[in-house]
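Here's a quick walk through a model you may want open in your viewer. The notes follow the ligand site, the chain contact and a couple of backbone oddities.

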Amino acid sequence: MNILEISEVTKNFGGLTALNDVDMHIAKGEILALIGPNGAGKSTMFDCVAGVYPPSSGTIRFKGKSIAGLKPWDLCRLGLARTFQIVKPFAARTVLYNVMVGAFLRTSSTDKARDKALSVLETLRLDHRKDMLAGTLTIADRKRLEIAKALATEPELLLLDEVMAGLRPTEMDDMIAIIRQLRGNGITVFIIEHIMRAVMALSDRVVVIHFGEKIAEGAPEDVTRDENVIKAYLGSDYATS
Amino acid sequence: MSRKQLDMTLLALAGLISFGLPLLIESPTYLQILILLFFYAYLTTSWNLVGGFAGVLPLGHAVFVGIGAYTSTILALQFNLSPWFGMLVGGMVAALVGVAIGKPTFRMRGAYFALCTIAFSEGVRVMIENIDSLGPIKFNGPRGLLIPLKGESFWNYQFMHKEPYYYIILTMLVLVLALTWFISRSKMGYYLAAGGDEPDAAQALGVDVAKYKLIALGLSSFLTALAGTFYAQLMLYFYPKGILGLDLSFEIAFIALIGGRGMIAGPLIGALVLRPLNEFTRIYLSNQLPGLHLVIFGLILILVMLFQPKGLTLPLTRLYDRLASKITTTGA
Ligand SMILES: Nc1ncnc2c1ncn2[C@@H]1O[C@H](COP(=O)(O)OP(=O)(O)OP(=O)(O)O)[C@@H](O)[C@H]1O
Ligand SMILES: [Mg+2]
């Protein structure tokens, strides 16, 4: 069963076509990576899927139902959570406070929200930072916090926008392990990623977009050998390395 | 002594002192100053629900004070209903008006929202100033409304001495502070703060930011209007420029900013600083230069914003933390 179905989605910003007639889907339990050069329209796709703005045309179905007219908070309640490419912590509040905001979606009890937030922080190995102000965290911890907040809403589908960017190699390995663990817990993961090592390590399937159009789709090994993809995105260096 | 015991002892002491003050203070003038101090602390605490926790800057809260005062007074004078009942009606009218203004304006960011609230409350003031009567209801235009003295009566919300007013506003203040404390620790408090800090992030976490802001504004307007009735009954006279004017709206915001927006104790601390100053300048300086007190407020605000941009509550809390840790460690 497909948890997300995107059909013929086009998004225009004034005269600029950020997405052009894109079809894609994600099966339940899958890790799908969306890759493509800067400005290809990847984050725009997340914004459409998460209800930030409606696509100019086309339909998006989450768990079989069209999301037309639904707002970000409606979709989050239905089980769709996302992180932002430019992380948006509640900077003046503690890490625990940040995650509790997410946890309150499924409970009105402050005690339960705190317990939930603490257990999510443990999953992300961020519990030792719980009393720090979110604005004082390192990049790596900020990215984890971004995931922790989303995770606290108990999503079925998690959209991760470039969570590896700015991480050191060991931090990236931790992050890869964390995302695998999430999938192990039954969460479907839709990632946007530039770092091919992470894409190769994580994804079951890859979709490549370029100037708003889908140019390739398939298993990671196949996609990275695709000539169009190499020309448009990976560069010939990648093919030979 | 543990920290918690210290906190509780001091809180009990503060409670005892505020409860006992009328027994010590004989002069009605001084008692009136205290009553107004609590009145402003109450107003600002109500304002803080939306202006502090929800991170927007309403600058027209006088309109809700006015709605409270006019509603209960008109119901009492012309329909013979108890001001206590009118107070609740006024609160509900204010909540409806608050939600009605909030709905279209909360989508605006920053200064635009503030300007809209000013425009709305000024609009209402000018309207009331130009209405002598509306059907059977007398507004009396710019002259305002006078509540005839009926003698000591709880039903009529009239007391011959200041003490009952003191205890009424003290009770209101304690309740509204407790409510704010409770909200700040509840889902609503987290949602308001998140929506105020980073609306996009909050929405992505399932927070209907606009809805929570509306609830906060509705509640804040309701509570603010209750104080309007209190003021009317305390003074037995009010007029549009005083009770619906920008001076009142701005003073509330001044107190909040100086005390600390979004902090529970902020309004109380702000009122403790600004109210005595206001009374002092009014008594000693206003003959020489009317409006001087606002200039002084402005200067203080600039100084506080420069050196303590989050208001005075934060440094005071830190100071208290340091003193408390000394007492609790040396005492143990
Ligand atoms: N709100 C907006 N208004 C106008 N143009 C926009 C808006 N959002 C994105 N764009 C434009 O749409 C195009 C796609 O942007 P998008 O952010 O989706 O790219 P991306 O694939 O995520 O790139 P990157 O890898 O740099 O994050 C870009 O040309 C961008 O400038
Ligand atoms: Mg992007």
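## Around the ligand

α1(A) gives the shell around ligand 1 its largest share, three residues. Keep in mind that this is a predicted model. Along with α1 (42–49), β2 (16–27) of chain A also supplies at least two residues of that shell.

Which residues surround ligand 1? Going along chain A, you'll find A:F13, A:L16, A:A18, A:G36, A:N38, A:G39, A:A40, A:G41, A:K42, A:S43, A:T44 and A:Q85 around ligand 1. Sorted by class, that shell holds seven polar residues, four nonpolar ones and one charged one.

## Where the chains meet

Now for the contact between the chains: chain A puts in 20 residues, and chain B puts in 18 residues. On the side of chain A that touches chain B, α2 (72–78) and α3 (95–103) of chain A each supply at least two residues. The largest share there, four residues, belongs to α2(A). The class mix on that side of chain A is eleven nonpolar, four polar and five charged residues.

How sure is the predictor about the complex? The ipTM is 0.93 and the pTM is 0.93. For chain B, the average pLDDT is 92, and 99% of the residues score at least 70.

## Two positive phi values

Most residues other than glycine have a negative phi. Two residues here are worth a look on that score, one in each row below.

| Residue | Phi | Other C-beta atoms within 10 Å |
|---|---|---|
| A:R125 | near 50 degrees | 13 C-beta atoms |
| B:L236 | near 60 degrees | 14 C-beta atoms |

Where does A:R125 sit? You'll find A:R125 in the loop between α4 (110–123) and α5 (139–151) of chain A. Phi of A:R125 is positive, although the residue isn't glycine.

B:L236 is a loop residue of chain B, placed between α9 (209–235) and β4 (237–238). Phi of B:L236 is likewise a positive value in a residue other than glycine.

Why does A:R125 count as partly exposed? A residue is partly exposed when its count of other C-beta atoms within 10 Å falls between the exposed limit, 12 or fewer, and the buried limit, 20 or more. A:R125 has 13 such atoms, so A:R125 is partly exposed. With 14 other C-beta atoms within 10 Å, B:L236 is therefore partly exposed too.

Terms used:
Residues numbered from 1 in each chain as written. Chains lettered and ligands numbered in written order. Predicted model: local features only at pLDDT ≥ 70, side-chain atom pairs only at ≥ 80, totals over all residues. Near = placed C-beta within 6 Å. Nonpolar A, V, L, I, M, F, W, Y, C, P; charged D, E, K, R; others polar. Contact = placed C-beta atoms within 7 Å. pLDDT = per-residue confidence, 0-100.
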